[in-house]
Amino acid sequence: MTEAKTGDTVKINYVGTLNDGQMFDSSEGRDPLEFVVGSGQIIKGLDSAIPGMTVGDKKTVNVPCDQAYGHANPDARQAVPREQIPAEIPLEIGTQLQMQTPQGQVVPVTVAEVNEAEVTLDANHPLAGQDLNFDIEVVEIKAA
């Protein structure tokens, strides 16, 4: 059997869960995730688990946050005066929005806190600071 190695294109089925068992993503009902091993297309901790696997291999991979989306950065949270946000924008905690930087770059943010005066927006990745777990199965390997 061909073992996956850096530079190969692989397809995997996966289920991603947090340490409390909550599922945050899955390929179920979708095409398998396809990527080039070692290319940086997926999080480092999952990418590094693929070399040596063959088609049909299954494993559980535990990825610490520093090998996934990193630690949450407190500087990525910003309080915005509530009156600066248009009334039609939903402000429920957890709502994902997009902001534009002065340079025109679009940044995804999540509503983290809301009070009478301010809305705190968080630009950290929603999974920042989380250790992640993946149940994976290699379904295809295309040698480089």
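The paragraphs below lead through the strands, the aromatic pairs, the nonpolar cores and one loop residue of this structure. The model is predicted, so that local features need pLDDT of at least 70 and side-chain atom pairs count only at pLDDT 80 or more, while totals for chains, interfaces and linings use all residues. Residues are numbered from 1 along each chain as its sequence is written, and side-chain values use heavy atoms, with hydrogens and water left out.

Helices (H or I, at least four residues) and strands (E, at least two) are taken as DSSP runs numbered from the N terminus, and two strands pair if DSSP finds at least two bridges between them. Strand S1, residues 9-18, is a convenient place to begin, since ten bridges join S1 in the antiparallel sense to strand S9, residues 132-142, where leucine 132 stands opposite leucine 18. S1 also runs antiparallel to strand S3, residues 33-36, through four bridges, and here lysine 11 has glutamate 34 as its bridge partner. With strand S2, residues 23-26, S1 shares three bridges, again antiparallel, and glycine 16 is partnered there by aspartate 25. The hairpin of S1 and S2 has four residues between the strands, and in this hairpin glycine 21 adopts a positive phi near 95 degrees.

Elsewhere, four antiparallel strands form an open sheet in the order S5-S8-S7-S6. Strand S5 (77-81) and strand S6 (96-100) each have a single partner strand and stand at the edges, so one side of each is left without a neighbour in the sheet. Within this sheet, strand S7 (residues 106-114) and strand S8 (residues 118-122) pair over four bridges in the antiparallel sense, with valine 114 opposite valine 119.

Aromatic rings of Phe, Tyr and Trp (its six-membered ring) count as a pair if their centres lie within 6.5 Å, with planes under 30 degrees apart called stacked, over 60 edge-to-face and the rest tilted. By this criterion the whole structure holds two aromatic pairs. In one of them, phenylalanine 24 and phenylalanine 134 have ring centres 5.7 Å apart and planes at 85 degrees, so the pair is edge-to-face. This pair links distant parts of the chain, as phenylalanine 24 lies in strand S2 and phenylalanine 134 in strand S9, 110 residues apart. Tyr14 joins Phe24 and Phe134 in one aromatic cluster. On the scale of relative accessible area (buried under 20%, exposed over 50%, partly exposed in between, with a 1.4 Å probe and protein chains only), phenylalanine 134 is buried at 6%, whereas phenylalanine 24 is partly exposed at 25%.

A nonpolar core is a set of buried Ala, Val, Leu, Ile, Met, Phe, Trp, Tyr and Cys residues joined through side-chain atoms within 4.5 Å. The largest one has 22 residues, and those with the most contacts inside it are Ile12, Leu46, Ile50, Leu132, Phe134 and Ile136. S1, strand S4 (58-63) and S9 are the elements that give two or more residues to this core, and the largest share, five residues, comes from S9. Apart from this core lies another, of eight residues, among them Val80, Ile85, Leu97 and Val109.

Finally, valine 55 sits in the loop between helix H1 (44-47) and S4 and is partly exposed, with a relative accessible area of 37%. Its C-alpha is 5.0 Å from that of valine 138, although the two are 83 residues apart in sequence. Leaving aside residues up to four places away in sequence, valine 55 is in contact (heavy atoms within 4.5 Å) with Met1, Thr2, Val138, Val139, Glu140 and Ile141.
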